[in-house]
Structure formats: C-alpha cells, structure tokens
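This briefing covers the interior of one protein model, taking its cores, its enclosed spaces and one helix residue in turn.

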Amino acid sequence: TPALFKDRGYVPGNGPLGATIPAMVDAMALALETKGTMRLEQVMQPAIELADGFPLYAFLHNYLISERKATEQYEWSAKTYYPNGRIPEVGEMFRQPNLARTMRAIVAAEKAAFAKSPNRAAAIRAGRDAFYKGDIARRIADANKAAGGLFTYDDLASFHGQIEKPATTNFHGYDIYKAGPWDQGPVLLQTLNILEGVDLKSAGVNSAEYIHQVHEAIKLAYADRNAYYGDPAFTTVPMTGLLSKPYAAERRALIGAQASLEHRPGDPFKFDPGVKPPAQRYVPHSQGVKATAPTGDTTCVDAVDKDGNLFSATPSSGWLLGGAFVAGDTGVPLSNRMTVFDLDPLSPNVLVGGKRPRTTLTPTLVLKNGKPFLAISTPGGDSQDQQILNVLLEMIVFDKNIQEAIEAPRINSLHPFGS
C-alpha cells in the first residue's frame, strides 16, 4: 500500500521492493499457446544457450563496472554477475548457470506433459506452471521475502495473465492498435487523433510549424495519460471519451500560436456518457525523484511471419542500472516496475495490491485496409510513443519507406510528468 512508502515519497526502482510478480513467462507462454505453432522446448532453446554462456561484450562490461556497488549488495546478484568476485573481461564467456537451470526445468515440465499426452497447448501450460507453481516459485518468493520483498508464493501460484481487447484508432486510413490504459499505449492514439485534423503535409516535415503542432499534441495527450490512465480492473478509465474524434477536436483547438508550458488534462467524461467521473479529480504532478545517472534502454522485438502475422513486444526490467536483484539460486532477475505506481490516493495509477502499474512499455501493430502492415516498438521509457509517433508520421503523412522513416530526424518532449 502507499503507506509502506510514505516516508520515502516514492516506490524504489531497484531491489526487492521494486519488484512486481514476474509476468514474462506467463505472457510468452500465453502468446505461444494461443497464437503460435511451436513448443516451449523449441522457442526457449536459444535463450538457454545464451544463459549457458556468451562472449561478454563491451557495452555490458561497462555497466558491470559502473553498477557493481549497487548490484553486489544483493547476495545472488553478486554471485550471478560477479562470479568469484570479479568482472569477466570483454570476450570472456559470461555464464548464468542458475538461470539456464530454471529454463531447463520449464522445458522439462513441458516435455514430460507432452510425452503423456501430445497436446501442445496443455504441455505449454505445464511448462508455464513449473515456473509459477512448485519449487521454482517457492525459491523466488523465499528469496524475495528474505531480502525484504512483499509478494508471496501464493501470489505467484495464483497469477494468470489474459488476452484483452486492444485500444485502437484510425489515422488517415491506417488502424493503429495498442495495449489498454494500464499501459501508456493509448497516448499514441490520442496524439494521432489530435494531429489528424492538422495539415502537417503542407507545413512540411520538421518545419517550425510541424514541430510546434506535434509537440503541443504530445503534451496534451500525455497530460491525459497522467490524469486518467490506470489498470481498468481497479479504476474506471473513460476510454471511449479519450479516443473519440470529437474529444480530439476539442483538444486540438487548444493548440495556439505559442507553446504552452502548462499541463492541461482535458475532460473526456463529456464524451463518454456511460462513465461517471470521480467525485474528486486527480491533478497530475511530479512524483518520486528525478534520475541523475545516465539511463539505459528497454529492448523491443518486432516480427512478421510468412503468413503475415505481426508480433510486437517491448520486454524490459531486471536491469543492472541502480542494482539488479536476482531471486536466489533461480537466476531470475526481478522487475523494477513497482516504481511506476503513484502514491497519491486520487491517482488512477495509485499503488494497490494485485494491480498492474501503468507501464511505459508500449508495442504497436498497424493494419492498412484491414491487412497486416507494420509491427513497431522502441526503447525509451516515457518517450517510446513519441518515437513511434515520429516514425508513423513520416510513413503515413509523408510517404517515407520504413528505413527512411527510422533514419529521419525526430523530436521528443520532456514536458510531461515522467513515469
């Protein structure tokens, strides 16, 4: 609860108190089961091989040096990243045997289930359950608790993700799909809705007028993100209003000749009559502490198969920056996403047990005329949807090909309150 972190004023971004339930195994198993054709044994093999060892590269070596003090405070993090108390040299094999053992246990459970009954989906679920139920989960929970963490074995055993309806809008004939408002993804859709009524092509790409219009649209959309987004299982989000074109027109009308320095959330409830506004509105404000050290990056994976199926994911967390926390001898680094929660009780993103933090991780799918067109995502925290916006505008408004759009100059706003 927020009371636990009242004296700090924020949720720490590292260590056991920063960790949410590790959801990656569940999410990937669910995607593979429902949308894939292969088994865990096949798709996990490359990851197992990397855990068995890869030549250490300079970028990672530098972070092992800079983050050593912060990481070595956790026993199993020190054992994982600084074997025998030393930093492996560039080119030396870097091995994570405990993580490899955990992944092999997942595959072994799947193989055993498949041997009993050759049902691919059921076998994937058995592999997934080997992580969330039984020995691995107990060791994760015990290690987390021993270091001062909060989640329990029962939290792991009862956790299940689900497939949800995406948020979507149409921008100049292209259908853009994002995750729902427990994620920042709809902010891209709101920005596009605002800009759909602006003649960016006549302004010219990256002209002063173009930059002004795009920047102001970003600020308006992100103000709404901070004011209204949160896990819809715990808070009522006026998504119909936020994504309505008339609401976008009202927001667009706020863009004047001069840049605004204000944070201006709108009133989407007027455009969403089925949703009752809260008695007291949350006013976004800065929370936590601003980072003073250089930040690292998320990863992203975007792919299309021979049948035109699009896949976009933005995996992140468990990073070395500020100190990675590895859950005992499982080799599993826990996430850092608790820090994204707000502590203000009025916030739709306020910390509550069982709730998803409003993450910045924001994959994107695009259809053109109802057919697969693009899978796109990027590192960048709060800026992810701004960078995706830059690329989409280059492609859709200015007819650039994907390589040209990626290489084109971009703009980015630091005006919004950060996550």
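For the lining classes used below, Ala, Val, Leu, Ile, Met, Phe, Trp, Tyr, Cys and Pro count as nonpolar, Asp, Glu, Lys and Arg as charged, and the others, Gly among them, as polar. The model is predicted, so that local features need pLDDT of at least 70 and side-chain atom pairs count only at pLDDT 80 or more, while totals for chains, interfaces and linings use all residues. Residues are numbered from 1 along each chain as its sequence is written, and side-chain values use heavy atoms, with hydrogens and water left out.

**Cavities and a pocket**

- On a 1 Å grid over the protein atoms alone, a cavity is a set of points where a 1.4 Å probe fits but cannot get out, a pocket is an open set with protein on both sides within 12 Å along at least five of seven lines, and lining residues have an atom within 4 Å of a point.
- The whole structure holds two cavities of 30 Å³ or more, where grid points are joined across faces, edges and corners and a volume is the space filled by probe spheres set on the points.
- The second largest cavity encloses about 40 Å³, and its lining comprises two nonpolar, two polar and four charged residues, with Glu216, Lys219, Arg264 and His415 among them.
- The largest cavity encloses about 50 Å³, and its lining, which includes Lys219, Tyr222, His263 and Phe417, divides into six nonpolar, three polar and one charged residue.
- The second largest pocket has a volume of about 260 Å³, and of its 16 lining residues Thr235, Thr236, Pro278, Leu346 and Pro348 lie nearest its centre.

**Nonpolar cores**

- The largest nonpolar core (buried Ala, Val, Leu, Ile, Met, Phe, Trp, Tyr and Cys residues joined through side-chain atoms within 4.5 Å) has 45 residues, and Ile176, Leu200, Val214, Leu392 and Leu393 have the most contacts inside it.
- Its largest share, nine residues, comes from α12.
- Beyond its neighbours within four places in sequence, Leu393 is in contact (heavy atoms within 4.5 Å) with residues including Phe171, Leu192, Tyr210 and Phe398.

**Glu394**

- Glu394 lies in helix α15, residues 384-396, helices being DSSP runs (H or I, at least four residues) numbered from the N terminus.
- Glu394 counts as buried because its relative accessibility is 3%, buried meaning under 20% relative accessible area with a 1.4 Å probe and protein chains only.
- Leaving aside neighbours within four places in sequence, Glu394 has contacts that include Val205, Asn206, Lys400 and Pro409.

Technical notes:
Helices (H or I, at least four residues) and strands (E, at least two) are DSSP runs, numbered from the N terminus. Buried means under 20% relative accessible area, exposed over 50%, partly exposed in between (1.4 Å probe, protein chains only).
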